[in-house]
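Subject: Handing over the structure, with notes

Dear colleague,

I am passing this structure on to you, and the sequence and the model follow directly below. After them I have set out what was found, taking one region at a time.

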Amino acid sequence: MNHFALTIIGRDHPGIVARVTKVLFDLGCNIADSSCTILGGQFAMILIISHPRFVSKESFGTAFDPIEKDGLSVFIRTLKPGGEAAPYLQGELCLISVYGSDKPGIVYPVVKELGDRQINITDLNTKLVGSPENPVYVMLIEAILPPDIPIEQIDEVMAELKGKLQVDITVRDITPVEL
């Protein structure tokens, strides 16, 4: 079975998910994994899909033309075998929360510290909350700490950044517990 990464992005309006999934249903595709969100005024969705007979993005033909005529951009990428499966990432799952006044230069210093320690970011979201007069920047990072890096070490690193960036940063363990 061949797998594809399908990305759709464009100005948000109701019905995008229904129209895209109708195309996939009509083609006989299976949706293995998906994520959808609104970034600013743009709707973005990425899906891992499969089809028993399709071998390349050309196999989809003109199926997505109506979606593109609706002002959305469509990208299809053929995945190499195994590219559809989530890797098993060993380590402690943690959530890093960053809150502060909106200004340039918050994301990079935080993610650089994580990248320098080979910490895998599995999810990252940023939002502006508050009022137009007092916007508050919020960044939530879900990351997997390698077994040799305790959460206390990351907490210390983030405490140093907290002062430099003038933001509030918290680190907490969110590793699921088996019942």
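Where is the place of Q166? Q166 sits in the loop that runs between α4 and β8. Please bear in mind as you read on that this is a predicted model.

**The loop between α4 and β8**

The backbone of Q166 deserves a look, since its phi is near 60°, a positive value in a residue that is not glycine. As background, most residues other than glycine have a negative phi. With a relative accessibility of 60%, Q166 counts as exposed, because that value is over the 50% cut-off.

V167 belongs to the loop between α4, which covers 151-165, and β8, which covers 168-173. Buried or exposed, how does V167 count? V167 counts as buried, because its relative accessibility is 7%, and buried means under 20%. Once residues up to four places away in sequence are set aside, V167 touches V98, Y99, G100, I106 and K162. One of these, G100, is 67 residues away from V167 along the chain, and yet the C-alpha atoms of the two are separated by 4.5 Å.

**Helix α4 and its charges**

E152, D155, E156 and E160 together form a negative surface patch. Among them, D155 lies in helix α4, and D155 counts as partly exposed because its relative accessibility is 39%.

**A second positive phi**

Q118 is another residue that is not a glycine but has a positive phi, in this case of about 60°. Its place is in the loop between α3, residues 107-116, and β6, residues 120-130. Q118 is exposed, its relative accessible area being 65%.

**Two buried serines in strands**

S97 is found in strand β5, which spans residues 92-101, and at 8% relative accessibility S97 counts as buried. Leaving out residues up to four places away in sequence, S97 touches M139, L140, D168, I169 and T170. Of these contacts, D168, I169 and T170 bear numbers that fall in the range given for β8, 168-173.

S50, for its part, has its place in strand β3, made up of residues 42-51. S50 is buried, with a relative accessible area of 4%, and that value satisfies the requirement of being under 20%. Which residues is S50 in contact with, leaving aside its neighbours within four places in sequence? S50 is in contact with M1, N2 and H3, and also with G28, C29 and N30.

**Salt bridges**

Side chains of opposite charge can pair when their charged atoms come close. How many salt bridges does the count come to? The count comes to five salt bridges, and I describe some of them here.

D70 forms a salt bridge with R19, and the closest N and O atoms of this pair are 2.6 Å apart. The pair links distant parts of the chain, for D70 is in the loop between α2 (65-69) and β4 (73-78), whereas R19 is in helix α1 (residues 16-27), with their positions 51 residues apart in the chain. D70 counts as partly exposed at 31% relative accessibility, and R19 is likewise partly exposed, with a relative accessible area of 34%.

Helix α1 also holds both partners of a salt bridge between K22 and D26, whose closest N and O atoms are 2.6 Å apart. K22 and D26 are four residues apart, which is about one turn of the helix. At 49% relative accessibility K22 counts as partly exposed, whereas D26, at 51%, counts as exposed; the two words differ because exposed requires a value over 50%.

D116 forms a salt bridge with K112, with the closest N and O atoms 2.6 Å apart. Because D116 and K112 are four residues apart in helix α3, about one helical turn separates them. D116 is partly exposed, with a relative accessible area of 48%, and K112 counts as partly exposed at 34% relative accessibility.

With best regards

Definitions and conventions: Residues are numbered from 1 along each chain as its sequence is written. This is a predicted model: local features need pLDDT of at least 70, side-chain atom pairs count only at pLDDT 80 or more; totals for chains, interfaces and linings use all residues. Side-chain values use heavy atoms; hydrogens and water are left out. Buried means under 20% relative accessible area, exposed over 50%, partly exposed in between (1.4 Å probe, protein chains only). Contact means heavy atoms within 4.5 Å. Patches are made of residues with over 30% relative accessible area and no salt bridge: like charges are joined within 9 Å, nonpolar side chains (Val, Leu, Ile, Met, Phe, Trp, Tyr) within 5 Å. Accessible areas come from the Shrake-Rupley method with a 1.4 Å probe; for residues, only the protein chains shown count as cover. A salt bridge is a side-chain nitrogen of Lys or Arg within 4 Å of a carboxyl oxygen of Asp or Glu. Lys and Arg count as positive and Asp and Glu as negative; His and the chain ends are not counted. The place of a charge is taken as NZ of Lys, CZ of Arg, CG of Asp or CD of Glu.
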